[in-house]
Amino acid sequence: MSRHFVIFNPAAGRGRGLKRIKAYRSLLSQHIDRVTFAETTRAGEERSLADLAIAQGYEIIVAVGGDGTWGNVADRIVASNRDNVTLGILPNGTGNDFGRNLGYDPSSPQKAVVALAGGHVCRVDMGRVETLSSAEHTPHIMEQRNFLNLVGFGFDVAVIDAAANARFLKGELLYKITALQQLFRFPGTQVRMSGQNGENRGGPHLMLTISNGCFFGGGFPIAPEATVQDGYLHACRIQDAPAFTRLKLFNKAERGLHVTSDPDRVEILSDKSFKLDFLQPPRFEMDGDVRLAASSTVEVSVLPQVLRVITPEAT
């Protein structure tokens, strides 16, 4: 019988994570026999807790939070090179987009715990930012990092910055309201992108995302054809546009229609790796957490089938 090490992030979902901890503890005790609980007390502490669990021989490490929490734990599992360690996820964050890729319902803790107890394991891809970067809360630590769901540049980061200062809003509504604000404020960003297959694009962009999965921003299908098992990364580049054209694209993106509605301005390229050149070292988001690149050139690649993760059986 597998032992589960469960890491709670009370700060996930702008504090909403704290409210669900009691419910998740009760559900986990009902459905799983061998559980050890731990809680983070500072940003990024789930990484060291995952390292501890791996060193102590736990077979399943469960991250309770959102994309940032899940990505931090997944990164440590892959870095350990221990093929017998599996990631479990329980939605408790703001976006929960990686979980959507697997079929998890962010609104149902009960279903998520039942899926975890079911133990259905599949292998998924991850992405890797080869360029050194640092988290904003640890600017002195430069490292290469793996990501679960997505890295984003430009408008995406502006929305996260605005959301950090917003009050009284949470979850998907938080992203949508702050995104609408930034559609009229964000100045755009210059970037040139090249892919392993020889594709080369440049110019002023509203946003550039490189996805492992389909969803971001609390359920927007930014790369509608992407799956976390296809062995590719999917770059969605949206060229800059006047504010009201941006608004039209935003409304289309909510339904995954942004590419077909304006193919001259929106393009998705699928490849094994991408190289991005900026005018200066960019700030970017990785699974919802903002990082600062050490260089004005950022290289991103796919890591096919590197992570074992528990999914609902219907996935």
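What follows is a conversation about how terms such as buried, salt bridge and core apply to this predicted model.

Trainee: Let's start with strand 13. What makes strand 13 mostly covered?

Mentor: Strand 13 spans residues 233-239, and six of its seven residues are buried. Buried here means under 20% relative accessible area. R237, for instance, has a relative accessibility of 5%, so R237 counts as buried.

Trainee: How do you know that strand 13 pairs with strand 10?

Mentor: Pairing needs at least two bridges. Strand 10 (residues 204-211) and strand 13 are joined by six, so they pair, and they run antiparallel. Within that pairing, I210 is opposite A235.

Trainee: And what joins strand 13 to strand 14?

Mentor: Six bridges again, with the two strands antiparallel. Strand 14 covers residues 266-271, and its L269 stands opposite A235.

Trainee: Why is the contact between R237 and E267 called a salt bridge?

Mentor: The cut-off is 4 Å between a side-chain nitrogen of Lys or Arg and a carboxyl oxygen of Asp or Glu. For R237 and E267 the N to O distance is 2.9 Å, so the pair qualifies. The pair links distant parts of the chain, since R237 lies in strand 13 and E267 in strand 14, 30 residues apart.

Trainee: Is E267 buried or exposed?

Mentor: Buried: its relative accessibility is 18%, and the limit is under 20%, so E267 falls on the buried side.

Trainee: How do you know that R246 and D240 form a salt bridge?

Mentor: Their side chains meet at 2.7 Å, N to O, which is within 4 Å, so the term applies. R246 has 5% relative accessibility and therefore counts as buried. D240, at 22%, is over the buried limit but not over 50%, so D240 is called partly exposed.

Trainee: What makes D75 and R76 a salt bridge?

Mentor: Their closest N and O atoms are 3.7 Å apart, which is within the 4 Å cut-off, so they count. D75 is buried, because its relative accessible area is 3%. R76 has 22%, so R76 is partly exposed.

Trainee: Which residues are joined with D75 and R76 into one network?

Mentor: Salt bridges with shared partners connect D75 and R76 with R47, D51, E143, R145 and R291. The structure holds 18 salt bridges.

Trainee: Turning to helices, why is helix 6 described as mostly covered?

Mentor: Helix 6 runs over residues 155-164, and seven of its ten residues are buried, which is why the description fits. Those buried are F155, D156, V157, A158, V159, A162 and A163.

Trainee: Which residues have the most contacts inside the largest nonpolar core?

Mentor: That core has 44 residues, and the ones with the most contacts inside it are L87, L90, F98 and L307. Beyond its neighbours within four places in sequence, L90 touches residues including Y24, L28, V62, W70 and L116. Another core lies apart from the largest one; it has 21 residues, among them A179, M207, C236 and A253.

Trainee: Finally, what makes L173 eligible for a surface patch?

Mentor: A patch residue needs over 30% relative accessible area and no salt bridge. L173 has 48%, so it passes the area limit, and it is called partly exposed because that value is not over 50%. L173 is in helix 7 (residues 171-183). Together with I177 and L180, L173 makes a nonpolar patch of about 220 Å².

Conventions
Residues are numbered from 1 along each chain as its sequence is written. This is a predicted model: local features need pLDDT of at least 70, side-chain atom pairs count only at pLDDT 80 or more; totals for chains, interfaces and linings use all residues. Side-chain values use heavy atoms; hydrogens and water are left out. Patches are made of residues with over 30% relative accessible area and no salt bridge: like charges are joined within 9 Å, nonpolar side chains (Val, Leu, Ile, Met, Phe, Trp, Tyr) within 5 Å. Accessible areas come from the Shrake-Rupley method with a 1.4 Å probe; for residues, only the protein chains shown count as cover. Helices (H or I, at least four residues) and strands (E, at least two) are DSSP runs, numbered from the N terminus. Buried means under 20% relative accessible area, exposed over 50%, partly exposed in between (1.4 Å probe, protein chains only). A nonpolar core is a set of buried Ala, Val, Leu, Ile, Met, Phe, Trp, Tyr and Cys residues joined through side-chain atoms within 4.5 Å. Contact means heavy atoms within 4.5 Å.
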